[in-house]
Amino acid sequence: MIEKLASKKYFTFLLFVISFIIFSANIWGVSIYIIDESRNASCAREMFEKNELIVPTFNYDLRTDKPPLHYFFMMLSYSIFGVNALAARLFSALFGSLTIFITFLYTKKFFNKKVAFWSATVLLSSIHLAVQSHFAVPDPYLIFFFTWSLFLFYSALKTNKLSDKLLLYVALSLAVLSKGPVSIALPGLIFLIFLIADKKFNLKTILKLKPLTGAFIVLAISTPWFWLVHSKTNGAFTEGFFLNHNLNRFASPMEGHGGFFLITFLFVLAGLFPFSLFIFQAIKLWWKNRKISFLTFSAIAGITITIFFSISGTKLPNYTVPAYPFFAVILGYYLSKITQIKTHVKPSLIVFTILAILIPIGGFIGMKYDESLKDANNIAWWFLSLPIGAIVAWYFFRKQKTIHSLLSISATAILTSLIFFYFVFPVIDNQNPVKNSLHLLENKKVVYFEKYCHSYSFYLKKPIPAIQEDKFEEFFEANKNGIIITTKNKIKEIDLPSNCKIVFSQKDVFESPTTVLIGSSNE
């Protein structure tokens, strides 16, 4: 049945459409609020307003965090759809869908349609991949070009096609413009390990890949922008980006995002849920069949990415997402063989059921004790889709219809993703302080003290200058309808002048600060 479906001429197009439906679900319906989205979408908005292609800014000051590719695509989207949430996120959804598309195509090419089907199913079922593909951040762009570059490397090695070699270096170049030098270093490490494992690490093989031509392509595509931004910022971008946001981020934890060595493996297990529950069986099956070249290449890629970021000082769940397509191939191979080999599906199904029960309960309890979400904790019951799906999976398992049981798990995860984006996330979004306070800032002079929620920058579409504590009274004398944005923690030791008062206070969603707006007491 699966092979017949995957053989249909329309299936590849259908797969892309389904992916895009999931990854773009309600991208227009929730605010640009999360800190990374706010910074990236605001930076692209400022560049778009100024018709600026070189120097990225946030709050109209130089931003050195990221290279420009996602800014360019957001600017293009803004020019078509206007400056809004849909435009900021549209290309993230597109590149997320393309990642599944190429994973299916290359797995079908170097394996078979059945493995390709299951590999795509694993990715479609990843709730975390769907979340990543919803955000206005550079990660979906990186994941696509990173994944494509690795598949092109394997294809170039096996087919010796010039087009694959040239496209490999184009993909690497665009990956660099998505995230930076890690997009060269990490694929290069994977290429090296695979060539050694495949006993092809020799001068002849390396020369066949045309490394000098590749170096020229990468430099020609990626270097000009970095040189121009270096020149226009007198080296400030180069120092901030390469030293602080690359070397220092790898060498030591930044912004409190550290963790123990194995946490990146837990990120992968959580990110590929629910099919990560079969990962140990899948790795065991790969090891027994490690002579299958494409399978071993995928295993090396997935494991190398995970270990690489495990030794990084800064550890974030999104860092290991580029490993997902390659672990998906290993899982896809296992799932394609599940009815032919002696394997224990039941333990994984038991764990899935336990987690399916615990997630809505945990969500309800967690939101009940979160000040910003306690009034919305009933939305956790939307996640009853998970235990209901587990019941359906058990029904088919008891009927000895293992494939139907697995497809039920996939359908449950996809349905849960859609429920989250259409019904759960909008309710959570309604609790965010920016959305609830924007009306208080209309047509007013707005400044910030020490710290503020960066979502304000996206929606106010104007500079938000900083103000010092000793200037509060002077500010309100000159601006009786002015507003100071800050946080509760930043003003707890301050005696506010008599001419101002707190006009709004609400805890941030997903973050620890409480946003505070200070207005004039004479207004």
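This is a short chat about a sheet, a surface patch and the aromatic rings in a predicted model.

Student: Let's start with the sheet. In what order do the four strands run?
Tutor: The order is E3-E4-E6-E5. The sheet is open, and its pairing is mixed.

Student: Which strands are at the edges?
Tutor: Strand E3, residues 446-448, and strand E5, residues 500-507. Each of them pairs on one side only.

Student: How much are neighbouring strands turned against each other?
Tutor: By 25° on average, with direction ignored.

Student: Back to E3. Do E3 and E4 pair in the parallel or the antiparallel sense?
Tutor: Parallel. E3 and strand E4, residues 483-487, are joined over three bridges.

Student: What holds paired strands together in general?
Tutor: Strands of a sheet pair through backbone hydrogen bonds.

Student: And which residue stands opposite Tyr448?
Tutor: Ile485, in E4.

Student: New topic: the surface. Which residues make the nonpolar patch?
Tutor: Ile357, Ile361, Ile365, Tyr369, Trp381, Leu384, Ile388 and Val392. The patch covers about 770 Å².

Student: Which elements give two or more residues to it?
Tutor: Helix H18 (346-368) and helix H19 (385-398). H18 gives the most, with three residues.

Student: Where does Val392 sit?
Tutor: In helix H19. Its relative accessibility is 35%, so Val392 counts as partly exposed. Buried would need under 20%, and exposed over 50%.

Student: Now the rings. How many aromatic pairs does the structure hold?
Tutor: There are 53. Take Trp28 and Tyr422 as one pair. Their ring centres are 6.4 Å apart.

Student: Why is that pair called edge-to-face?
Tutor: Because the ring planes of Trp28 and Tyr422 stand at 65°. The cut-off for edge-to-face is over 60 degrees.

Student: Which parts does the pair tie together?
Tutor: Trp28 is in the loop between helix H2 (11-23) and helix H3 (35-50). Tyr422 is in helix H20, residues 402-429. So the pair ties together parts that are 394 residues apart in sequence.

Student: How accessible are Trp28 and Tyr422?
Tutor: Trp28 has 48% relative accessibility. Tyr422 has 38%. Trp28 counts as partly exposed, and Tyr422 counts as partly exposed too.

Student: Last one. Which residues form the aromatic cluster?
Tutor: Tyr106, Phe110, Phe111, Phe151, Phe153, Tyr154, Phe191, Phe194, Phe294, Phe297, Phe326 and Tyr333 form one cluster.

How values were computed: Residues are numbered from 1 along each chain as its sequence is written. This is a predicted model: local features need pLDDT of at least 70, side-chain atom pairs count only at pLDDT 80 or more; totals for chains, interfaces and linings use all residues. Side-chain values use heavy atoms; hydrogens and water are left out. Two strands pair if DSSP finds at least two bridges between them. Axes are lines fitted to C-alpha atoms, for helices over the stretch in contact, and angles run from 0 to 180 degrees between N-to-C directions. Patches are made of residues with over 30% relative accessible area and no salt bridge: like charges are joined within 9 Å, nonpolar side chains (Val, Leu, Ile, Met, Phe, Trp, Tyr) within 5 Å. Accessible areas come from the Shrake-Rupley method with a 1.4 Å probe; for residues, only the protein chains shown count as cover. A salt bridge is a side-chain nitrogen of Lys or Arg within 4 Å of a carboxyl oxygen of Asp or Glu. Buried means under 20% relative accessible area, exposed over 50%, partly exposed in between (1.4 Å probe, protein chains only). Rings of Phe, Tyr and Trp (its six-membered ring) pair if their centres lie within 6.5 Å; planes under 30 degrees apart count as stacked, over 60 as edge-to-face and the rest as tilted.
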